[in-house]
Amino acid sequence: MKIARIETFLVPPRWLFCRVETDDGLVGWGEPVVEGRAEVVRGAVEVLSELLVGQDPLRIEDHWQVLTRGGFYRGGPVLSSAVAGLDQALWDIAGQAYGAPVHALLGGPVRDTVRVYAWVGGDEPSRLREQITAQVEAGFTAVKMNAAGATSPVATAAETAAVVARVAAAREVLGPDRDVAVDFHGRFTAASARRVLGELAPLHPLFVEEPVVPEQSHLLPGLVTTSPVPLATGERLYSRAEFLPVLTAGVAVAQPDLSHAGGISEVRRIASLAETFGALLAPHCPLGPIALAASLQIAFATPNFLIQEQSRGIHYNKDTDLLSYVVDPEPFRFVDGHARRGDRPGLGITVDEAAVRAADRTGHAWRNPVWRHPDGSFAEW
Ligand SMILES: [Mg+2]
């Protein structure tokens, strides 16, 4: 069996899919994308495809080595995401070739259900209580919210109080038996993060995510030492080498993205690395159905898994959502806030190819907003 053809599809709301076809008719799907830079990743996939066409798709590890290390200049979000999507598609093909779900090829399942959380609030969560109530009624046992919008370099007393008030409102609706995770989104300086983390501690967040931007990961040891709240990071880290220092710093939760950090192959290794630090895995996934399917395969096979992000109802998605490009919604039907393990081969989903091809004709040009402080200077989004 040889890889015959690789295609990419730029589909709303902000995703990129790849389709890898073999000469005997197997088709694997992947989601190689960096949000806001989808067209750039598309170019990278096209270049990397030169290394795959004509090759045996089942030599996944060898392909991963060549795709990531075969170019003298390597790594970073664009190349790592291109590799990630291709890697997902190769695992999808392998599952079909061997007649097994990917989690079976990773050593077999270690759990029957996977806990997922729902997003609430968006950047300006004015309807927070209402949204959390709806998610609780839908059965979710955990939600995640952004802490704040654009925040002053040293958060004011009012900004700090607003963050605490939002999380307090969430806790009130959720009660003590459900969880709230809080995403700082790198919007705080380390000084602000330290102060806010202390004030959030009595509200018992599951974790606080990206307390500082990844460029300031060298500050994490100090934050871990002073924060009673477990810290999480990783959606903007792209390899096990980049996870090593944050795990050494003592973060509690590693959040690699299956579509950014080298795919199933590398996230599996990042999970094992995290395990040696007693850290848990909570894959980042505000993306589409292929990225989520890949994430769930990892979750079913990974002992130190904590919880899975998923994008149903997320504020980024308008008109198209997680279910827009799959034939059967069953793998993403969450019962009591959990996905249930299936036994379909590969990634376990059936992509609606006609819908994908039609959507690609529209395409998209999604960009994250560029925020400014009131004085006109740049603010982290
Ligand atoms: Mg985040």
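Helices here are DSSP runs of type H or I with at least four residues, numbered from the N terminus. The model on screen is predicted.

Start with helix α10, residues 263-276. Just after α10, select Gly278, which takes a positive phi of about 70°. Then measure along the helix: at 1.5 Å a residue, its 14 residues should span 20 Å, and the end C-alpha atoms are 20 Å apart, so the two agree. Colour the buried residues of α10: Gly263, Ile264, Ser265, Glu266, Val267, Ile270, Ala271 and Ala274.

Next, step back to His260, in the loop between β9 (253-254) and α10. His260 counts as buried because its relative accessibility is 4%, and the cut-off is under 20%. Show the side chain of Glu35 as well: the side chain of His260 makes a polar contact with it, at 2.8 Å. Beyond its neighbours within four places in sequence, His260 also touches other residues, including Ser80, Tyr238, Leu287 and Glu235. For a longer view, select Arg357, 97 residues from His260 in sequence and 23 Å away in space, C-alpha to C-alpha.

From Glu235, go to the magnesium ion. Which residues coordinate the magnesium ion? They are Asp183 (OD), Glu209 (OE) and Glu235 (OE), at 1.9 to 2.2 Å. Along the chain, these donors follow the spacing D-x25-E-x25-E. Asp183 and Glu235 link distant parts of the chain, 52 residues apart: Asp183 is in strand β6 (residues 179-183), and Glu235 is in the loop between β8 (231-233) and α9 (240-249).

Finish with the surroundings of this pair. Asp183 is buried, at 2% relative accessibility, and Glu235 is buried too, with a relative accessible area of 11%.

Methods
Residues are numbered from 1 along each chain as its sequence is written. This is a predicted model: local features need pLDDT of at least 70, side-chain atom pairs count only at pLDDT 80 or more; totals for chains, interfaces and linings use all residues. Side-chain values use heavy atoms; hydrogens and water are left out. Helices (H or I, at least four residues) and strands (E, at least two) are DSSP runs, numbered from the N terminus. The expected span of a helix is 1.5 Å times one less than its number of residues. Buried means under 20% relative accessible area, exposed over 50%, partly exposed in between (1.4 Å probe, protein chains only). Donors are N, O and S atoms within 2.8 Å of the metal (3.2 Å for Na, K and Ca); water is not among the atoms, so sites may look incomplete. Contact means heavy atoms within 4.5 Å. A polar contact is a pair of N or O atoms within 3.5 Å; within protein, one must be able to donate a hydrogen and the other to accept it, and residues adjacent in sequence count only if both atoms are side-chain atoms.
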